[in-house]
Amino acid sequence: MRHVVISFLGEDRPGLVEKLAAIVKHHGGNWQTSSMRHLSGFFAGILEVMVAEQNAEALVNDLQGFDMLDMNIQLSKPGNYDDRTISIDITANDRPGIIGDISAVIHKAKGNLVKLVSSQGNAPHFGQPIFKASAIVAVTTDQQIEQLVDALEGIEDDLIVDLNI
């Protein structure tokens, strides 16, 4: 089996996911994981498809011919992920550079950022911009988890970290 990792961006229009799914299905692919979103008039996403070795090249060719989206397509072999992962929810007042600060702290604590989903909204009753993020981080020891949480909380006084092990 091969894994096909696809990132894409294009003008948003109805039916894009249906057409992508039809291409995947046509080649016997199994849609594994995806994240897609409407962003300022565009449709962006990333997905992972598992497909039989003999169908991988044809799937890639058909995806490259799908002119409704700009795509980056990579073939890989499924890998084993052995590290332990933790889930972290972060809330703080929004400010420029907050993602860079969070990722730098994770890196310095020898964690590996596996997944990050972030958003910005307004605080209830105040209207001040609030940053929210959910992250999955790979770690190796309990001590590393404690150091990581302490370091994240040390970024700013208003940053709140909720750890889900």
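In the protein chain, 69% of the contacts with a separation of 6 or more come from residues 24 or more positions apart, a contact being heavy atoms within 4.5 Å. The structure is a predicted model, in which local features need pLDDT of at least 70 and side-chain atom pairs count only at pLDDT 80 or more, while totals for chains, interfaces and linings use all residues. Residues are numbered from 1 along each chain as its sequence is written, and side-chain values use heavy atoms, with hydrogens and water left out.

A good place to start is the overall layout. The protein chain holds four helices and eight strands; these are DSSP runs numbered from the N terminus, with helices being H or I of at least four residues and strands E of at least two. Read from the N terminus, the order of elements is β-α-β-β-α-β-β-α-β-β-α-β. The C-alpha trace spans about 50 × 40 × 20 Å along its principal axes. Of the 165 residues, 32% are buried, meaning under 20% relative accessible area, with exposed being over 50% and partly exposed in between (1.4 Å probe, protein chains only).

One open sheet has four strands in the order β2-β3-β1-β4, with antiparallel pairing; two strands pair if DSSP finds at least two bridges between them. At its edges are β2 (30–39) and β4 (70–76), each of which pairs on one side only. Neighbouring strands of this sheet are turned by 10° against each other on average, direction ignored. Seven bridges connect β1 (residues 2–11) with β4 in the antiparallel sense, and Leu9 has Asp70 of β4 as its bridge partner. Across β1, β2, β3 (42–51) and β4 lies helix α1 (residues 16–26), which runs at about 160° to β2. Such angles run from 0 to 180 degrees between N-to-C directions, with axes fitted as lines to C-alpha atoms, for helices over the stretch in contact.

Another open sheet of four strands follows the order β6-β7-β5-β8, again with antiparallel pairing. Its edge strands, β6 (112–122) and β8 (160–164), each pair on one side only, and the twist averages 15° from one strand to the next. Strands β5 and β8 run antiparallel and are joined by five bridges; Thr91 has Ile160 of β8 as its bridge partner. Helix α4 lies across β5, β7 and β8, at about 10° to β5.

Turning to the interior, the largest nonpolar core has 21 residues, and Ile88, Ile90 and Leu148 are among those with the most contacts inside it. Such a core is a set of buried Ala, Val, Leu, Ile, Met, Phe, Trp, Tyr and Cys residues joined through side-chain atoms within 4.5 Å. At least two residues each are supplied by β5 (84–93), α3 (98–108), β7 (129–139) and α4 (142–153), with β7 giving the largest share, five residues. Apart from this core lies another, of 19 residues, among them Leu16, Phe43, Leu47 and Phe66.

Helix α3 shows two sides. Ile98, Ile102, Val105 and Ile106 are buried in α3. Seen down the axis of α3, its buried residues fall within an arc of 100°, so they line one face of the helix; the arc is that of the directions from the helix axis to the C-beta atoms. On the other side of α3, His107 and Lys108 are exposed. The cover over the buried residues of α3 includes β5, β6, β7 and α4.
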